[in-house]
Amino acid sequence: MTEVLPSLAGILLFLLPGLGLTELIPPLRTLPLPRRLGYSFLLGLTAVAGALYIGSHLFGLPLRRMEILAVAAVMVGVGLSSLGWGKGRRSGLPQPRATPWVIGEGTRWHRATVALLAFISLGLFADAVTNPVTGWDGRMIWSAQARYLRAAGTVDAPVLREARWFVSHPRYPLLLPVAQAAVSELVGADEDRHVFRAVYAMFFPALLLILWDGAVRWAGAPAARLACLAAAGSSAFTFWQDGGAASAYSDLPLGCLTGAALVLLLRSRRSVAGAVTAGIFLAGAVLSKNEGTLLAFFIPLAAVPLLLRRQDRRRQAARLLAAVIPPLLALAFLASWRAGIPNRYDEGYTGFVTLGTFWPGAVTRIPLLARLALRQMLSWDPWAAFWWIAPPALAVGWRGLRGRRCPLAMTLILAAAAPLAIAWGAYSVHWNPATLLRVTWTRFLLQGSLPFLLLLALTLRDLLLSRKLARNSH
Amino acid sequence: MSFVHAGESPLAERSREMGAPYAREIEEIRRAIPRDGAYILVDGDGADLGGAVWVRFDLEPRRAVLLGLRKDLPNPVELRRRIPPETQWVVVAYAEGPPRLMTVAQLLAER
């Protein structure tokens, strides 16, 4: 159990700065602490690892313990000073009502659900502190890059910048490897120790907390509980070694970042600070994975059907613009960092993909690929019964997507479908689409999982209401 | 299950995941090649089954120059041209089974 305390320290390296930063953001500051923790973890990870990534490349900031601590401490300090300043400033004003614990959060069903989900999260933590990283991409890309960064003390490691060295996908964005390297460096862990795995494990409770925040608001506590349980019941989200929270893959983190951005963009409808924070999550997505760039700009587009229906259209347009600026800056930074790195050991899509290469594969490959995708979704490993349950629930509870909730449902459908559209594009041009699908399809589904689970919650709400109405009519 | 393995050493963990011969050989190679050193990596399998990726991870942060599949290696003259002068060691990786350490001279002599 020598890994337990260092692993906890690794989580706190991101959680505490995140809590500090959320003090600056009114839509997050007023949340009950449990819901705030999910956003805090993501915000802290994006801010700390992002600052180290940018600082290392642009200003030569070493990725060493003192510098890492200093970056984290600044963010914690900002939060603490904001807390004190805000209390003083607000003391003479009428206080906004704290968001109440919603109806249903005190019931025994709720307590049982929380206990079960906490138990699964603890199981993930136990796995993280006990076993080394074993998933394919974790060893080939993310953790491999993290070891090189840590050894060099910079994101511009010579091993990345010199073409002769064998590095898989050397131009992949490094937010998560930087986070890994920061945790290992902070606790002085040698290469064989896997203290960073707890950080990946944290993405599962973070996903649940953000799902809860959105689902309880739009679908109510009972439906939110069921949606959380549906996620927890599938090992794709949890113990799956090739993409779940027990792995060291970037897909679940990417799904959390884009999902959190969407929820925040939609639920803080008047707050520009909320939109900027959503933009920071989207910048994190750009710096986490190649697909993150496409998703980061698609998520604000997906929010358009809901936000521009409102009467304050100009304000909503300004909020959307505010959400797009951070990922644009992240993209410019990524281009600067990549400029010094010769590409090799990579599919190199940008080198051969043109509009013409999608034809005719985008159509002719659909029958084969659809069959393979369906087979993977219906297999017990890693999805368990998820895809046996979710589509029937969507079909039966479709009334939950109508009426007042129709624009929200449209937004969620678009956001959930975006990663699948990217997958379709990749499978249309790849020389071996069946193999590519076999190793990536479930991960693309994870990338769009948060909006999909919210959609599921909306339909579950309808089912629960129908059941209640039927019971009351007898 | 996690509690059963609590407190294991990294060597025991790797032995559990990859097999004891693999774990022992990785330790041997680590002793031979310094942390900031470089080595030649050759895939010993008949096809690309990922053995090289697996071994590279366990040897990081040592830097690797990948020469590809062992069966496809060129003649000694071309091979020598592709080997950086600062590398003395060659690691032959397999998807199943432990890697093998040899010197550059041994690899050239085999061709």
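## A crossing to start with

Which hand does the crossing of H1(B) and H2(B) have? The crossing of these two helices is right-handed. Keep in mind as you look around that this is a predicted model.

Here is the rest of the story for that pair. Helix H1 of chain B covers residues 10-18, and helix H2 of chain B covers residues 20-32. Their axes sit 7 Å apart, and the angle between them is about 135 degrees. An angle of about 135 degrees is not over 145, the mark for roughly antiparallel, so H1(B) and H2(B) count as oblique to each other.

On the H1(B) side, the contact is made by Leu11(B), Arg14(B), Ser15(B) and Met18(B). H2(B) brings Ala20(B), Tyr22(B), Ala23(B), Ile26(B) and Glu27(B). Sorted by class, the residues of this contact are 6 nonpolar, 1 polar and 2 charged.

## Chain B as a whole

Chain B mixes helices and strands: there are 5 helices and 4 strands. If you follow the sequence, the pattern reads α-α-β-α-β-α-β-β-α.

The C-alpha trace of chain B spans about 55 × 30 × 20 Å along its principal axes. Of its 111 residues, 31% are buried. Take the contacts in chain B with a separation of 6 or more, and 66% of them link residues 24 or more positions apart.

## Where the chains touch

Next up is the place where the two chains meet. How many residues of chain B are in contact with chain A? The count is 20 residues of chain B, in contact with 23 residues of chain A. On the chain B side, the elements that give two or more residues are H1, helix H3 (51-59) and strand S2 (63-69). That side of chain B has 11 nonpolar, 3 polar and 6 charged residues.

## Chain A as a whole

Now for chain A, where you will find 23 helices and 0 strands. Its C-alpha trace spans about 75 × 65 × 50 Å along the principal axes. A compact globule with 474 residues would have a radius of gyration near 23 Å, and the 22 Å of chain A agrees with that.

Of those 474 residues, 51% count as buried. Among the contacts in chain A with a separation of 6 or more, 81% come from residues 24 or more positions apart.

## Two helix pairs in chain A

Helix H14 (residues 290-307) and helix H15 (residues 313-339) of chain A pack at an angle of about 175 degrees, and their axes are 10 Å apart. That angle makes H14(A) roughly antiparallel to H15(A). From H14(A), the residues that meet the partner helix are Thr293(A), Ala296(A), Phe297(A), Pro300(A), Ala303(A) and Leu307(A). Facing them in H15(A) are Gln316(A), Leu320(A), Ala323(A), Val324(A), Pro327(A) and Leu331(A). The residues of this contact are 10 nonpolar and 2 polar, with no charged ones.

The second pair is H20(A) and helix H23 (residues 449-473) of chain A, whose axes come within 8 Å and cross at roughly 55 degrees. H20(A) and H23(A) are therefore oblique to each other, and the crossing is left-handed. The residues involved are Ala390(A), Ala393(A), Leu394(A) and Val396(A) of H20(A), together with Leu455(A), Leu456(A), Thr459(A), Leu460(A) and Leu463(A) of H23(A). This contact divides into 8 nonpolar residues, 1 polar residue and no charged residues.

## Two residues to look up

Try finding Leu42(A), which lies in helix H3 (residues 33-59) of chain A. Is Leu42(A) buried or exposed? Leu42(A) counts as buried because it has 30 C-beta neighbours inside 10 Å. Setting aside neighbours within four places in sequence, Leu42(A) is in contact with Ala206(A), Cys256(A), Leu257(A), Ala260(A) and Phe281(A). Met202(A) is 160 residues away along the chain, yet its C-alpha atom is 9.5 Å from that of Leu42(A).

Then there's Trp388(A), which sits in helix H20 (residues 386-396) of chain A. Trp388(A) has 12 other C-beta atoms within 10 Å, so it is exposed. Measuring from C-alpha to C-alpha, Trp388(A) and Met377(A) are 8.6 Å apart in space, with their positions 11 residues apart in sequence numbering.

Note on methods. Residues are numbered from 1 along each chain as its sequence is written. Chains are lettered from A and ligands numbered from 1 in the order in which they are written. This is a predicted model: local features need pLDDT of at least 70, side-chain atom pairs count only at pLDDT 80 or more; totals for chains, interfaces and linings use all residues. Axes are lines fitted to C-alpha atoms, for helices over the stretch in contact, and angles run from 0 to 180 degrees between N-to-C directions. Angles under 35 degrees count as roughly parallel, over 145 as roughly antiparallel, 65 to 115 as roughly perpendicular and the rest as oblique. Two residues are in contact if their C-beta atoms, placed from the backbone, lie within 7 Å. Ala, Val, Leu, Ile, Met, Phe, Trp, Tyr, Cys and Pro count as nonpolar, Asp, Glu, Lys and Arg as charged, and the others, Gly among them, as polar. A crossing is left-handed if the near helix is turned anticlockwise from the far one by less than a right angle, and right-handed if clockwise. The radius of gyration is taken over C-alpha atoms; the globule rule is 2.2 Å times the number of residues to the power 0.38. A residue is buried if 20 or more other C-beta atoms lie within 10 Å of its own, exposed if 12 or fewer, and partly exposed in between; C-beta atoms are placed from the backbone.
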